[in-house]
Amino acid sequence: MARPKFVPTEEQRRRVKSLTAYGMNQEGIARLVGLRSPKTLRKHFREELILGEIEGVAQIAQTFYKMANSGKDSRSTIHFLERRQRWLHVQSSEN
């Protein structure tokens with residue numbers, strides 16, 4: 001007798017998206033959702049895997065931007081400017 005067709009629930013979709021955003025690998029996510037293989041995960045949760053990664057990076061970027069923009073963390077501000085605006089860090093030749 002064949003196994004019943006897998007139908008993802010909304011809760012599983014949210015969980016896959018969140019775990020992807022946290023950076024968990026597909027094998028681990030598949031096991032946590034109750035699937036036997038990452039292939040099945042990719043088949044049924046393709047959009048959640050794509051959007052989870054994008055949204056995770058976007059959330060971290062937003063936090064970093066807020067830190068850089070606040071003026072409270074000068075290293076974040078400098079790093080942001082160096083990376084995003086391609087500013088050059090020029091060392092002073094004075095001793």
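**Helices and side-chain pairs in a predicted model**

User: Which residue takes a positive phi just after α2?

Analyst: In this predicted model, helix α2 covers residues 26-33. Just after that helix, a positive phi of about 95° is taken by G34.

User: At the start of α2, which residue's backbone nitrogen does a side-chain oxygen of N25 reach?

Analyst: Helix α2 runs over residues 26-33. At the start of this helix, a side-chain oxygen of N25 comes to within 3.3 Å of a backbone nitrogen, and that nitrogen belongs to E27.

User: What covers the buried residues of α2?

Analyst: The buried residues in α2 are G28, I29, A30 and V33. Their cover includes two other helices, one of them spanning 10-21 and the other 38-44. These are α1 and α3.

User: What pattern does the chain follow along the sequence?

Analyst: The chain contains five helices and zero strands. Read along the sequence, the pattern is therefore made of helices alone. Written out, the order is α-α-α-α-α.

User: Which helix has the lowest mean pLDDT among the elements of the chain?

Analyst: Over the chain, pLDDT averages 87, and 88% of the residues score at least 70. Among the elements, α1 has the highest mean, at 97. The lowest mean, 80, belongs to the helix of residues 74-84, α5.

User: What percentage of the residues in the chain is buried?

Analyst: The chain has 95 residues. Its accessible surface comes to about 8200 Å², with 52% of that belonging to carbon and sulfur atoms. A residue counts as buried under 20% relative accessible area, and the share of buried residues is 21%.

User: How many salt bridges does the count come to?

Analyst: E11 and R14 meet through their side chains in a salt bridge. E48 forms a salt bridge with R13, and the side chains of E55 and K17 meet in a salt bridge too. The count comes to three.

User: Why are E11 and R14 separated by about one helical turn?

Analyst: The side chains of E11 and R14 meet in a salt bridge of 3.2 Å, N to O. E11 is partly exposed at 47% relative accessible area, and R14 is partly exposed at 48%. An α-helix has 3.6 residues a turn, so residues three or four places apart point the same way. The separation is about one helical turn because E11 and R14 are three residues apart in helix α1.

User: How many residues apart in sequence are the parts that the pair E48 and R13 ties together?

Analyst: In the salt bridge between E48 and R13, the closest N and O atoms are 3.0 Å apart. E48 lies in helix α4 and R13 in helix α1, so the parts that this pair ties together are apart in sequence by 35 residues.

User: Is E48 buried or exposed?

Analyst: E48 is found in helix α4, residues 46-70. Beyond neighbours within four places in sequence, E48 is in contact with R13, V16, K17 and T20. Its partner R13 counts as partly exposed at 23% relative accessibility. The relative accessible area of E48 is 12%, under the 20% cut-off, so E48 is buried.

User: Which helix does E55 lie in, and which does K17 lie in?

Analyst: The side chains of E55 and K17 meet in a salt bridge of 3.3 Å, N to O. The pair ties together parts that are 38 residues apart in sequence, E55 being in α4 and K17 in α1.

User: Which residues make the nonpolar surface patch?

Analyst: The patch has an area of about 250 Å². One of its members lies in helix α4 and counts as partly exposed at 44% relative accessibility. That member is I50, and the patch is made by I50, L51 and I54.

User: Which residue's side chain is joined to that of S76 by a polar contact?

Analyst: S76 is found in helix α5 and counts as buried at 5% relative accessibility. Not counting residues up to four places away in sequence, S76 touches F64, M67 and A68. The polar contact is 2.8 Å, and its other side chain is that of D73.

Key. Residues numbered from 1 in each chain as written. Heavy atoms only, no water. Buried < 20%, exposed > 50% of the residue type's maximum accessible area, 1.4 Å probe, protein only. Helix = DSSP H or I, 4+ residues; strand = E, 2+ residues; numbered from the N terminus. Contact = heavy atoms within 4.5 Å. Polar contact = N/O pair within 3.5 Å; in protein donor to acceptor, adjacent residues only side chain to side chain. Patch = residues over 30% accessible without salt bridge, like charges linked within 9 Å, V, L, I, M, F, W, Y side chains within 5 Å. Areas by Shrake-Rupley, 256 points an atom, 1.4 Å probe, with all protein chains shown as cover. Salt bridge = Lys/Arg side-chain N within 4 Å of Asp/Glu carboxyl O. pLDDT = per-residue confidence, 0-100.
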